[in-house]
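Good morning, and thank you for coming. Please have the structure on your screens, as I shall refer to it throughout.

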Amino acid sequence: MSAAITLAATAGQAIAPQPDPDAALSIRGLTVSYADKPAVFSVDASFAAGAMTAIVGPNGAGKSTLLKAALGVIPRLSGEVTVFGQPLAQARARIAYVPQRASVDWDFPTRVIDVVLMGMYRKLGLLGRVRIAHRDAARACLDRVGMADFATRQIGQLSGGQQQRVFLARALAQDADLYMLDEPFAGVDAATEAAIIGVLKSLRDEGRSVIAVHHDLATVADYFDRVLLLNVRRIAEGPIDTAFTPAALQSTYGGRLASAQIDQLKLGGA
Amino acid sequence: MLTLLSDRRSFLGGLVVALGLPRVALAQDQLSVVATTGMIADATRQVGGDRVTVRALMGPGVDPHAYRQTRSDIAAMAGADLVLWHGLYLEAQLEEFLADMARSRAVVAVADTLPRDVLIAHDDYAGRFDPHVWMVPDIWALVVDAVRDALIAADPDGTETYTSNALAHQTEIAALASYATQSLATVPEPARVLVTAHDAFNYFGNAYGFDVVGIQGISTNSEAGVQRITELVDMLVSRQIGAVFVESSVSDRAMRALIEGAAAQGHEVQIGGTLFSDAMGEDGSYEGTYIGMIDHNVTTITGALGGTVPDRGMQGRLAS
């Protein structure tokens with residue numbers, strides 16, 4: 001009995017690859033299950049530092065779940081997560097997370113600038129007195145997302161897309177090395193989408209790492225450098241050129257994506 | 001499958017209402033949470049909304065440092081889906097009991113998740129930290145993240161609700177943070193001294209640039225105590241500090257010695273008001289919420305030390 005367990009454990013170790021210390025986020029053997037049904041099953045993925053990576057897959061493929069489990073927000077059944085080669089607990093301050101746009105009942109007169117200032121505390125730590133300089137930094141973050149003119153407006157008075165930009169500005173104020181976003185373009189207007197992708201690309205150009213759950217196959221190749229195709233399991237992963245291929249999309253979406261649709265997409269390997 | 005389940009649930013809910021059965025039948029669907037302090041219970045209510053029922057172990061005016069579990073606490077925790085406590089050694093007398101509880105259910109110390117670089121080291125215990133983080137809204141907003149994450153872990157179906165509610169509550173806290181910063185900045189610089197009953201205000205002092213003096217433990221009977229009181233009186237007089245603050249739970253003998261000492265030097269010091277330190281106000285009142293508690297403290301301190309502040313606080317909701 002105990003010999004069998006030892007054997008299995010040894011075999012498991014031999015198979016599981018080591019975490020990738022050079023990656024912004026490295027996931028090994030990640031399994032998350034809801035009510036005994038695996039939402040994410042035994043996924044290995046390595047998100048390159050200094051790159052923009054999309055997590056793509058059909059509804060129910062476990063995209064958001066993978067992101068949240070990697071952040072430690074929801075418990076994982078098994079698996080190992082490292083961020084820049086460190087355990088999650090030690091690297092938390094290097095990560096900024098922008099959740100999916102929420103339908104919030106904003107009945108409180110909070111000003112936009114105050115929401116952004118809130119993002120700065122974790123970084124400022126014990127020097128966290130809000131000074132003029134912090135206000136200027138918060139305004140600069142708003143400027144980056146094209147919302148500088150709205151600094152003193154109440155958050156509840158903004159459109160959904162504008163609110164999404166404010167929450168991106170709050171994440172910018174955290175000055176993180178790894179930005180993780182859950183469907184940042186869902187339900188936003190074209191101007192907001194353009195503003196957000198511009199900011200994400202500039203973060204990448206500064207050497208930061210960006211990971212986003214993304215649902216629009218038509219823009220994957222334009223927006224991102226790399227892709228993880230996910231359908232509960234990992235289907236393909238890598239640069240757009242090698243991973244975002246008709247064959248990989250066919251395995252990810254199965255019959256849900258007609259060949260004609262795939263033909264219209266801008267894909268890798270072309 | 002999930003859709004089916006929730007359909008069935010709401011269908012049953014409709015039946016229960018129709019038949020006039022007690023509400024208890026529905027409550028079984030809610031996540032049952034026990035929180036140690038009122039502040040954590042309030043955050044849990046804000047984030048959990050209708051999906052959770054929350055019970056706070058410690059009511060208004062209870063000292064968490066000394067609190068021990070009662071028989072009914074044990075029963076409440078045994079029946080709970082999730083137990084949230086503060087951590088950072090705040091519930092010093094409960095730690096062993098909570099460790100026992102953690103063997104059979106989800107138990108999360110929400111303030112233990114804070115990054116170490118926002119924490120103030122404890123004066124008396126190496127490797128420990130001052131637990132009074134709720135005094136600064138910006139830090140408390142990070143604890144709200146931990147409450148959200150604990151609720152999501154216990155009830156993943158509620159992820160969307162918990163995420164939206166946490167965001168909404170954090171923007172309220174952002175407004176509070178801004179009110180605190182702006183109000184306290186109106187206190188004249190020399191007067192930025194907070195003399196209080198016990199040492200709960202270090203984070204507050206650090207964040208807003210106030211010197212903090214806790215007088216608990218200063219004995220008016222010992223020579224050292226008298227010497228310390230004399231020093232404090234000189235400080236009050238020389239910096240022209242007009243007010244000191246009390247907490248209902250702590251003896252004010254030393255406080256009276258301070259006031260009398262200053263009066264003997266011709267300087268009038270008043271009791272600036274009662275501050276909430278380790279517990280919130282009465283249940284059901286504005287001061288019985290986290291926002292109201294901090295609003296009260298900020299408004300009271302600013303007003304008493306010569307700053308400019310609305311009498312009834314950031315929303316005009318404070319008791320006059």
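What covers the buried residues of helix α4 of chain B? The cover includes the strands β1 (31-35), β2 (52-56) and β3 (82-85) of chain B, together with helix α5 (95-101) of chain B. Please bear in mind that we are looking at a predicted model.

Let us now consider the helix beneath that cover. Helix α4 of chain B spans residues 71-78, and within this helix Asp73(B), Ala76(B) and Met77(B) are buried. When one looks down the axis of α4(B), the buried residues fall within an arc of 95°, and therefore they line one face of the helix. There is a general principle to recall here: an α-helix has 3.6 residues a turn, so residues three or four places apart point the same way. On the face of α4(B) that is turned away from the buried side, we find the exposed residues Arg71(B) and Ala75(B).

How does this helix lie with respect to the strands? α4(B) lies across β1, β2 and β3 of chain B, and its direction makes an angle of about 160° with β2(B).

I turn next to the sheet itself. In chain B there is an open sheet of four strands, in the order β2-β1-β3-β4, and the pairing is parallel. Which strands form the edges? The edge strands are β2 and β4 (106-109) of chain B, each of which pairs on one side only. On average, neighbouring strands of this sheet are turned by 20° against each other, if direction is ignored. As for one pair in detail, β1(B) and β3(B) run parallel and are joined by three bridges. Val33(B), for example, has Leu82(B) in β3(B) as its bridge partner.

We may now move on to helices that pack against helices. Two packed helices are described by the angle between their axes and the distance between the axes.

The first pair I have chosen is α3 (residues 38-48) and α6 (residues 137-154) of chain B, which pack at an angle of about 60° with their axes 10 Å apart. An angle that is neither under 35 degrees, nor over 145, nor from 65 to 115 counts as oblique. α3(B) and α6(B) are therefore oblique to each other. The crossing in which α3(B) passes α6(B) is right-handed. Which residues meet there? From α3(B) come Met39(B), Ile40(B), Ala43(B), Thr44(B), Val47(B) and Gly48(B), and they meet Trp140(B), Val144(B), Val147(B), Arg148(B) and Leu151(B) in α6(B).

The next pair consists of α9 (residues 223-238) and α10 (residues 253-264) of chain B, whose axes come within 9 Å and cross at roughly 50°. That angle makes α9(B) oblique to α10(B). The crossing of α9(B) and α10(B) is right-handed. On the α9(B) side the contact is made by Ile229(B), Leu232(B), Val233(B), Leu236(B) and Val237(B), and on the α10(B) side by Ala254(B), Ala257(B), Leu258(B), Gly261(B) and Ala262(B).

I should also like to show you two individual residues of chain B.

Phe204(B) is found in helix α8 (residues 202-208) of chain B. Is Phe204(B) buried or exposed? With a relative accessibility of 2%, Phe204(B) counts as buried, because the limit for buried is under 20%. Leaving aside residues up to four places away in sequence, Phe204(B) touches Met135(B), Val136(B), Leu184(B), Leu194(B), Phe210(B), Val298(B) and Ile301(B). Of these partners, Val298(B) is 94 residues from Phe204(B) along the chain, yet their C-alpha atoms are separated by 9.7 Å.

Asn297(B) lies in helix α11 (residues 290-304) of chain B. Asn297(B) is also buried, with a relative accessible area of 2%. Residues up to four places away in sequence again being left out, Asn297(B) touches Met135(B), Phe201(B), Leu275(B) and Phe276(B). From Asn297(B) to Glu189(B) the separation is 108 residues in sequence and 18 Å in space, C-alpha to C-alpha.

Finally, let us step back to the whole chains. Chain B comprises eleven helices and eight strands, and buried residues make up 52% of its 320 residues. Among contacts in chain B between residues at least 6 apart in sequence, 66% join residues at least 24 apart. Chain A, for its part, has twelve helices and ten strands, and 52% of its 270 residues are buried.

Notes:
Residues numbered from 1 in each chain as written. Chains lettered and ligands numbered in written order. Predicted model: local features only at pLDDT ≥ 70, side-chain atom pairs only at ≥ 80, totals over all residues. Heavy atoms only, no water. Buried < 20%, exposed > 50% of the residue type's maximum accessible area, 1.4 Å probe, protein only. Arc of directions from axis to C-beta. Contact = heavy atoms within 4.5 Å. Pairing = 2+ DSSP bridges. Axes fitted to C-alpha atoms, helices over the stretch in contact; angles between N-to-C directions. Left-handed = near helix turned anticlockwise from the far one by under 90°.
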